[in-house]
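Hello,

Here is the structure I promised to hand over. Please have a look at it first, and then read on for some notes on its charged side chains.

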Amino acid sequence: MGTTTPPRTLAEALRARGDESLAGLLRARPDLLNPVPNDITQLATRAGTRASVVRALEHLDRFALQTAEALAVAPDPAPYDTLLSLLTGDGLDDGDQRDDAGAAVTAALPGALATLREQALVWGEDDRLRLVRTARELLAPSPQHPSPTGLGPTVAEATAGMSPGRLQEILAATGLPATHDPVSAVAALSALFTDRTRMAELLDTAPVEALSVLDRLVWGPPYGEVTPNPTPPVKWLRDRGLLLPVSTRTVVLPREAALHLRAGRAHRVPEPVPPVVPAAAERDPQAVDRAAAGQAFTALSTVEELLKLWNGGGPAILRAGGLSVRELKRAATALDVSEPIAAFWIELAYGAGLLASDGETDERYAPTPASDEWLDLSAEDRWTHLATAWLAATRTPGLVGGQDAKGRALSALGPELDRSAAPDVRRRVLALFAELPPGTAPETESLLRRLRWERPLRGAAPAAESADLRSRLALWTLNEAELLGITGRGALSAQARALLDEGEGTAAARLAPLLPDPLDHVLLQADLTAVAPGPLERPLADTLSVLADVESKGGATVYRFTPGSVRRALDAGQAAADLHAFLAAHSRTPVPQPLSYLIDDVARRHGHLRIGAASAYVRCDDEAVLNEILADRRSTGLRLRRLAPTVLGSQADPGSLLEALRDMGYAPAAESAEGDVLITRAGARRTPPRTPPVPVPEGPPVPDDTLLGAAVRAIRAGDTAATVVRKDTSDGPSSTTPSGALPRTTPAETLATVQAAAMTGSTVWIGYVNADGAASQRVIAPVRVEGGFVTAYDHTADEVRTYPLHRITGVAELAEDGKG
């Protein structure tokens, strides 16, 4: 094809592109690479399939989409000036022409057209622009799928089933001369509607009510219902073809007439420039960083508390998967947050690989071995781990509590929470934050408008609403980023900027100085409480969480010592002396006497009663204590009976008996079959090693440069094999092949031809079937033929290969102008 010959098909337009341009197409539309097309023709066919075109249209910004929509209502093909006129208007309207908007459209149109060309949605030179057929079918107006432009069908389309007599009546009513056939009648009517002067004269004679009818239809929808006896204004419009019948009760405003009334504009408001995201507030960047760091510390504390809550085995998993509403409420109460926020923390820990199913028969959630490794990291590294997992996660906790398409409730950790658009929306929202100066908080509504402009087909709700998925994802991103410490006081923090631009190491270094140092002490008070004035070192925090209960959290954490908490520490293997030494070592204040008395009193009674398995028994050296238990009405349900002076038997299991006696105010201890006290250590349950949930990708991944280069070479080589000019072999009937079929020759002819090509250094075309039975066409330059194999330079693969002769279906010589 000569360089000056305009392309006749999309395949020819793609064939004329350079390698960089083809690589750009495959990068923008990676679905075309799965699998790699054999040649340019197959690439063009795949680029025109409905699924691929829909995916490409969904990734266009609003102005590129408006450009495609204008081409869909323009003649096919359309010159560049016609397209520009559809987007700017013809300048002959009623004075409402906006010069600034027209200039912006004129400046932005080349870029939008380049985007459409790069993605193979538009092809052809500027004087013959063509929208690919599938895109035109998707965007052109039809009764079933109204056009986003609000335009209706053309005069030719609307009058396709109209009788010739009716067409002549319309011509007569508009003052046009009669014609001899319907085709010329439709052409005359179309010419009238597209002639600004004659159309203006016709509308000058219209009744005012008729013009009001046109005003209601001009910007869409163009369809209206009429009665069998229409009003005089509607009858006037219908008689002159300004309203054409679609059915007995429906009329439509033809496209040419609507464009005249719109002053030639396809869209009421072209949007060539993305909406600006203004600042809602400007704050001190250092205050923003401190606020974000404080929230990051809270996030770490909350996730640690969640892991501790489920440390000994978390809640059971529902049969359909996920967490029950009751367990979510229980976790929210324990974390002192609302249920939606609790769902976020649970999903974050799950997405980071810190929680998972234990895989047991009675399946439950529990911390993973990776959670122990995470707890050993520094605070800043733990935060970057959580933030990175959040950025990449497709699981969407904001959906928890809603319903799926079948009306079923969506539960936390359930299987239906993945939304593949979530990572892209999160990164795009944060990128818009990053475009503002440090310390600047963006305006939420403007940010949502910007996202809708960038992906209009992914958010089809009206601009006044935010019900579409991308807008909801954006709002959830704003809330989650604040909870996680990505933003502070509504602005992006410096550590988050570093995470987005420079990676986890730099982000951790930025965050570290802003986090409080862990403390090695508490302040004991006489009311049986301990105050931790800041974060505690891990060994201290772990021991204290067993010895006391958390009463309140905030800038300082308050722990309360109770008989139950002290008994819990004794059950874990601590002795009273160990507890006294621990408190004395880690308290900046003297150990209060009431606390010492509490520890000694609980320790003195702890283990006085022993419980083992008979079903269960109670053993005590003091017979009076056993008499007291038997006499207590609360023990009736335990069905106790005396087996010996110091032993009671029970039909309850040991665990239930243990809890019941504790509720009665005793301090029993469990013992083994050998009579030794059983030490209960908290937090021993872990899942087997688990990998974090894999994000659900949004379509095929974007290929890297290496894959793109190899794919382009393969497509080029395959196209060479498919389009190479073969030598005419009409005198050899065994070697003739229909177009597109593999060459067929006898083994003797195949051997003779490749041997001759090897001696002369010429190039031949072969058909080849590999070991898997896949057939392909190849252009090779034989180098050596021996032992039943031909070694040749394969132009299709761009490398030297060896082919068994018995797998070559046939061979054909190339014409002289087809070599290379």
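D362 is partly exposed, with 48% relative accessible area. Its salt-bridge partner is R364, and the closest N and O atoms of the two lie 3.4 Å apart. R364 is partly exposed as well, at 26%. Please keep in mind that this is a predicted model.

That pair is part of a longer list, as the count of salt bridges comes to 37. Here are a few others.

D76 and R130 form a salt bridge, with 3.6 Å between the closest N and O atoms. This pair links distant parts of the chain: D76 sits in the loop between α5 (62-73) and α6 (80-88), while R130 belongs to strand β2 (residues 130-131), 54 residues apart. D76 is partly exposed at 41% relative accessibility, and R130 is partly exposed at 21%.

In helix α27 (residues 563-571), D571 and R567 are 4 residues apart, so about one helical turn separates them. Their side chains meet in a salt bridge of 3.8 Å, N to O. D571 counts as buried, at 11% relative accessibility.

There is also a network of salt bridges, which links R428, E435, R450 and E454.

Finally, which side chain of opposite charge is nearest to R497? That is D501, 6.2 Å away, and R497 has no salt bridge although it is buried. R497 lies in helix α24 (residues 494-501), and its side chain reaches the backbone oxygen of L436 at 3.1 Å. Beyond its neighbours within four places in sequence, R497 is in contact with several residues, including F433, P437 and E502.

Best wishes

How values were computed:
Residues numbered from 1 in each chain as written. Predicted model: local features only at pLDDT ≥ 70, side-chain atom pairs only at ≥ 80, totals over all residues. Heavy atoms only, no water. Helix = DSSP H or I, 4+ residues; strand = E, 2+ residues; numbered from the N terminus. Buried < 20%, exposed > 50% of the residue type's maximum accessible area, 1.4 Å probe, protein only. Lys, Arg positive; Asp, Glu negative; His and termini not counted. Salt bridge = Lys/Arg side-chain N within 4 Å of Asp/Glu carboxyl O. Polar contact = N/O pair within 3.5 Å; in protein donor to acceptor, adjacent residues only side chain to side chain. Contact = heavy atoms within 4.5 Å.
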